[in-house]
Amino acid sequence: MYDAFFLLGITIILGWISVYVLKKYYISQVLLLMLFGFLLGPVLNIVDTSDGAIIRSIYPFMSVLALIILLFDAGISFKLHNIFQTLNKTTVFTCLVFILSVLCTLILVPILDLDILHAMIIGATLGGISSAIVVSMLEPLKVPDETSSLIILESIINDVLVIISVFVLIQISQASPLSINAVLNDIIASFSIAIIFGVAAAYVWYKLLSRIPTFGFDYMLTLAVLFIVYAANEAINSSGGLSVFVFSLAFANFKQIPEYFSS
């Protein structure tokens, strides 16, 4: 057990060092931490990464936890007018890049003797860019607010497209009955439910937070609500990440929303 805490301590220290290196030398902290993990696992075998190892069981939980916190941090730091300015550009850009990523994998069909649908599934999977990585790499960099908004929104929308498109392609490959209308309805429903749920939850929590005693730990309660928002959306097959981001954005901008629409 003590070795796990030692590893956790070393990881936190290296995380701090990687952020320092990023700000000073503009070397991605994600790459440094990946190198660190590669050395601990396959190279030096300090950490057991075989099937059934503890780290494999906790990885999905920790990755989702990091994603929730990063999206919350990104949402509360966003300015509302930047969202509306970049939303159209973001949607068009995301869809075009994602479609091109899927189409580019068709060159694997003759090379690896793959089925076209299997190649498209690979393309849809590789066409996804992790929101967690994008937000963590972008945050320390000095980029214009509009550019930052476009990139982060693109990564969040991209996550939703990857999940839905891979699911649809797998259904098609299994010869399951599927219609274009059903696909479009799934996409619209996923976005709509996540957005409505996030805004509603943020409004309710915004009102409750001013009326309940928090004893100085209101940030912990807000974090708990974030977990519930994510879990509830995932339970109904909506986008938990998008809902968390919308919750954070709405929660941080409720005072400015009436001013924005009245101007």
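**Core first.** I went straight for the largest nonpolar core, and it has 45 residues. Phe78, Ile152, Phe245 and Phe247 have the most contacts inside this core. I should jot down that I'm looking at a predicted model.

**Who builds the core?** I checked which helices supply at least two residues each: H3 (54-77), H4 (80-104), H6, H7 (131-138), H8 (145-173), H9 (180-209), H10 (218-235) and H11 (240-253). H8 gives the largest share, eleven residues.

**Phe78 up close.** Which residues does Phe78 touch, if I skip those up to four places away in sequence? My list reads Ile83, Ser148, Ser149, Ile152, Leu153, Phe245, Leu249 and Asn253. Two of the core's best-connected residues, Ile152 and Phe245, turn up among the core's top names and again in the Phe78 list.

**Stepping back.** I looked up the overall fold next. The protein has twelve helices and zero strands, so to speak an α at every step of the pattern along the sequence. Of its 263 residues, 34% count as buried. I also looked at contacts between residues at least 6 apart in sequence, and 70% of these join residues at least 24 apart.

**Surface.** The protein exposes about 16,300 Å². Carbon and sulfur atoms supply 72% of that area.

**Helix H6.** I picked H6 (residues 116-126) for a closer look, and its buried residues are Ala119, Ile121, Gly123 and Ala124. What caps the N-terminal end of H6? I found Asp115 there, with a side-chain oxygen 2.9 Å from the backbone nitrogen of Leu117.

Conventions:
Residues numbered from 1 in each chain as written. Predicted model: local features only at pLDDT ≥ 70, side-chain atom pairs only at ≥ 80, totals over all residues. Heavy atoms only, no water. Buried < 20%, exposed > 50% of the residue type's maximum accessible area, 1.4 Å probe, protein only. Helix = DSSP H or I, 4+ residues; strand = E, 2+ residues; numbered from the N terminus. Polar contact = N/O pair within 3.5 Å; in protein donor to acceptor, adjacent residues only side chain to side chain. Contact = heavy atoms within 4.5 Å. Areas by Shrake-Rupley, 256 points an atom, 1.4 Å probe, with all protein chains shown as cover. Core = buried A, V, L, I, M, F, W, Y, C linked by side-chain atoms within 4.5 Å.
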